[in-house]
Amino acid sequence: GPGNVTAYLILRSNITVGPADHVAQHSHAMGDPNPPPSLFLGRPWGPLAQTVVLDSYLGHGLERALWNDWSHNCSAEEPTDWCAEVVYATGGCYGPGMADAKPPGWALTLTPGQAAGWTPQ
């Protein structure tokens, strides 16, 4: 129903050096186009989760924050340990969902050079 989250695009895995646990590239993410927004790109299912969305169309219906910290207070002045190692990032994304986006401080917005280090496997 209205205001409910209808989808998440991530899973939990261990931290790695190099490619993220989950990389979505050249994808489309869209929620219900009628307000209020209904879709987050993802949420950390574990304290070491990593998800990167690259060069993807983010349509209407996305929450402005893009990511949800699943009530772990990652945006707090002193975030929980849960948030210390999570990596949630976008790079090269476009569309109405990005035009209005305000990702939280714990989420990354990658430059093209930074994004080149994250590739789907």
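**Quick briefing: cysteines and a sheet**

Cys-74 is a buried residue, its relative accessible area coming out at 6%. Bear in mind that this is a predicted model. Cys-74 also takes part in a disulfide, with Cys-83 as its partner, and a search of the whole structure turns up one disulfide. Beyond the cysteines, there's an open sheet of four strands to look at.

**The disulfide**

- The sulfur atoms of Cys-74 and Cys-83 sit 2.0 Å apart.
- Going around the S-S bond of Cys-74 and Cys-83, the torsion is about -80 degrees, so this disulfide is left-handed.

**How buried are the cysteines?**

- Cys-83 has a relative accessible area of 8%, so it counts as buried, the cut-off being under 20%.
- Its partner Cys-74, at 6%, is buried as well.
- Then there's Cys-93: buried or exposed? Cys-93 comes out as buried, with 14% relative accessibility.

**The sheet**

- Strands pair up in a sheet through backbone hydrogen bonds, and the pairing can be parallel or antiparallel.
- Here the four strands run in the order 1-3-5-6, with parallel pairing, and the sheet is open.
- At the edges you'll find strand 1 (22–25) and strand 6 (108–109), each of which pairs on one side only.
- Strand 5, covering residues 87–91, is paired with strand 6 in the parallel sense, over two bridges.
- Looking for a residue to orient yourself by? Ala-89 stands opposite Leu-108, which belongs to strand 6.

Terms used:
Residues are numbered from 1 along each chain as its sequence is written. This is a predicted model: local features need pLDDT of at least 70, side-chain atom pairs count only at pLDDT 80 or more; totals for chains, interfaces and linings use all residues. Side-chain values use heavy atoms; hydrogens and water are left out. A disulfide is a pair of cysteine sulfur atoms within 2.5 Å. Buried means under 20% relative accessible area, exposed over 50%, partly exposed in between (1.4 Å probe, protein chains only). Two strands pair if DSSP finds at least two bridges between them.
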